[in-house]
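Where does the nonpolar packing sit, what lines the pockets, and which backbone angles deserve a second look? This report takes those topics in turn.

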Amino acid sequence: MSTLTQSPAWRALQAHQPIMAQHHLRDLFNQDPHRFDKFSLLFNDILLDYAKHPVNQQTIDLLLALARQQHLENWITRMFSGDKINQTEHRAALHIALRAAHPVFVDGVDVIPEVKQVLQQITRFVNAVRSGEKKGYSGKAFTDIVNIGIGGSDLGPVMVTEALKPYGSPHISVHFVSNIDGSQLSETLRQLNPDTTLFIIASKTFTTQETITNANSARHWFLTHGGSDNDIAMHFVAVSTNQSAVEQFGIHAENMFPFWDWVGGRYSLWSAIGLPIAMAIGMENFSSLLAGAREMDQHFMIAPLEKNLPVMLGLIGIWQINFFGVTSHAILPYDQYLHRFPAYLQQLEMESNGKRITRDGEVFDYNTSPVVWGEPGTNGQHAFYQLLHQGTQSVSADFLAPCQSHHPIGNHHRLLLANFFAQTEALMRGKNESEVRNELISQGIPEASRKALLPHKIFPGNHPTTSILFKKLDPKTLGSLIALYEHKVFVQSVIWNINPFDQWGVELGKQLAGKILSDLNQTETVNSHDSSTNGLMNYFKANQ
């Protein structure tokens, strides 16, 4: 048994769980009409409501005791102080420095001047492209930006660019290529003109297989559709730390935007990795994105734990995962602009906390990150909500929505939010046997039909949801929302004693792919793997 599961705070929560499990959520609301006031928090324009969880004040006190037992406040201080809390890679984890307004030190050196220097480089470049001052080889202004990256070099920029489309330029379209499947690159390039297209190659090492393969193919397309070797420097830029590889590709050093080893990929959209975001929405809006994150950072750093949005969001997740057995968590944004937010959080949470080993190298005897997934409402309602309401899986969910729409067409937004509120209430309340029977009687359904229909129309309810409402999805609010989830993940990592800033599990598949690629390039029958892999590879080779 681990130290955590034998600790006083953990055992107190274990003893408390059966007490709360006896109470249906609808009964908790019936017993206390002030639950919302007690179990919701407001920060700027962001409202966090966790009242639809099986909690009372004792639950919250016990969760806070667990956080203090695990020295959460000290870990927060250590992260913001630049301590090397990513111990397996001997690095600090300072994505917060990318939006900080005060000195942040790594090995005794304030990194903020260097951060500002890169931001100034980005500003000059973005302004030159967006204004038309910087042109392609034919003398025309750029109309299309293609970002080539993968993982954190793609998911964050894609999500933010989609979320902030109302703030985009009508003169510039931003495209993203991440998949090594040539279909994505081909479909993207098919609609573009080389003389008005600018490529951003985002790879810290400039050796990432998928990114460099796509970059070389984009380079070939450029050279075979009108561009020359000398034009590469005008149409390709890099976000990287490998200057020699960048220059060998044909990109000038002044068009290389650096970032640092204390920035993890999934935390990097605030850095030069965010160059396509800045291209899409402009530097003023990009600065607002940073400002929103910075305000959430300050809140996370100084707010009391019980009033702290990331802390409470993280602890509620701990309560569900470790004491109610939830292994699946849905992100359900009722805003089409946030359609990539579930995928972004999928990487943020599952790559950070999808671990089986503690910081001390011990195997867990408790669950860590759930499976994170989701779709925008109301699309999801007509796809998988059936399982949420009446399935056998235990799923928790975060519902997110803006109070104001960028497109107030007719009654669309009010109808959208009516569905938002209805779904969280329905998941909480359900519909019991008595209610279903009375409903069927009122509809004049004959008794025999009522008996047959009755079990199918019962909704157990008692499904936990968190609601996050905000005034409007603008750059500043989005920055705060992203930082809220970044810090939530960190809170949970502290409770679980996880290093959330490494990702060794990503490496094995990459290593094997290199050997397999070599085998696929040979004409001989493959027999050096297991029988399944051999059979699959040989079938591919026979039919490619």
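The text below covers cores, one buried polar residue, pockets and backbone geometry. The model is predicted.

**Nonpolar cores**

The largest nonpolar core holds 122 residues. Four of its members touch the most other members: Trp 262, Leu 275, Phe 341 and Leu 478. Helix H20, residues 475-496, provides the largest share of this core, with 12 residues. A second core is separate and has 22 residues. Val 177, Leu 192, Phe 222 and Ala 238 are among them.

Leu 478 shows how the larger core is knitted together. Residues up to four places away in sequence are not counted here. On that basis, Leu 478 touches Met 159, Val 160, Ala 163 and Leu 164. Leu 478 also touches Leu 289, Leu 338 and Leu 473.

**A glutamine in helix H20**

Gln 492 is also placed in helix H20. Is Gln 492 buried or exposed? Its relative accessibility is 2%, and the cut-off for buried is under 20%, so Gln 492 counts as buried. What is Gln 492 in contact with, leaving aside neighbours within four places in sequence? One set of partners is Leu 313, Gly 314, Gly 317, Ile 318 and Ile 321. Glu 349 and Asn 353 are in contact with Gln 492 too.

**Pockets**

The two largest pockets compare as follows.

| Pocket | Volume | Lining residues | Lining make-up |
|---|---|---|---|
| Largest | About 1,100 Å³ | 39 residues | 12 nonpolar, 17 polar, 10 charged |
| Second largest | About 400 Å³ | 15 residues | 5 nonpolar, 9 polar, 1 charged |

In the largest pocket, the lining residues closest to the centre are Gly 265, Glu 351, Gln 503, Glu 507 and Lys 510. Three helices each supply at least two residues of this lining: H9, helix H15 (341-353) and helix H21 (507-520). H9 gives the most, with 3 residues.

Which residues lie closest to the centre of the second largest pocket? They are Gln 336, Ser 405, His 412, His 413 and Leu 416. Helix H17, residues 412-429, gives the most to this lining, with 4 residues.

**Backbone geometry**

Three loop sites have backbone angles to note. The first topic is a cis bond. The peptide bond from Gly 377 to Thr 378 is cis, and its omega is near 10°. Thr 378 is placed in the loop between strand E11 (371-373) and helix H16 (385-390).

Next come positive phi values. Phe 206 is not a glycine, yet its phi is positive, at about 60°. This residue lies in the loop between strand E7 (197-202) and helix H9 (209-224). Phe 206 has 6% relative accessibility, and under 20% means buried, so Phe 206 counts as buried.

Asn 462 likewise is a residue other than glycine with a positive phi, near 65°. Its loop runs between helix H19 (447-453) and strand E13 (465-470). How does Asn 462 rank, buried, partly exposed or exposed? Its relative accessible area is 32%; this falls between the 20% and 50% cut-offs, so Asn 462 is partly exposed.

Methods: Residues numbered from 1 in each chain as written. Predicted model: local features only at pLDDT ≥ 70, side-chain atom pairs only at ≥ 80, totals over all residues. Heavy atoms only, no water. Core = buried A, V, L, I, M, F, W, Y, C linked by side-chain atoms within 4.5 Å. Buried < 20%, exposed > 50% of the residue type's maximum accessible area, 1.4 Å probe, protein only. Contact = heavy atoms within 4.5 Å. 1 Å grid on protein atoms, 1.4 Å probe; cavity = no way out; pocket = protein on both sides within 12 Å on 5 of 7 lines; lining within 4 Å. Points joined across faces, edges and corners; volume = space filled by probe spheres on them. Nonpolar A, V, L, I, M, F, W, Y, C, P; charged D, E, K, R; others polar.
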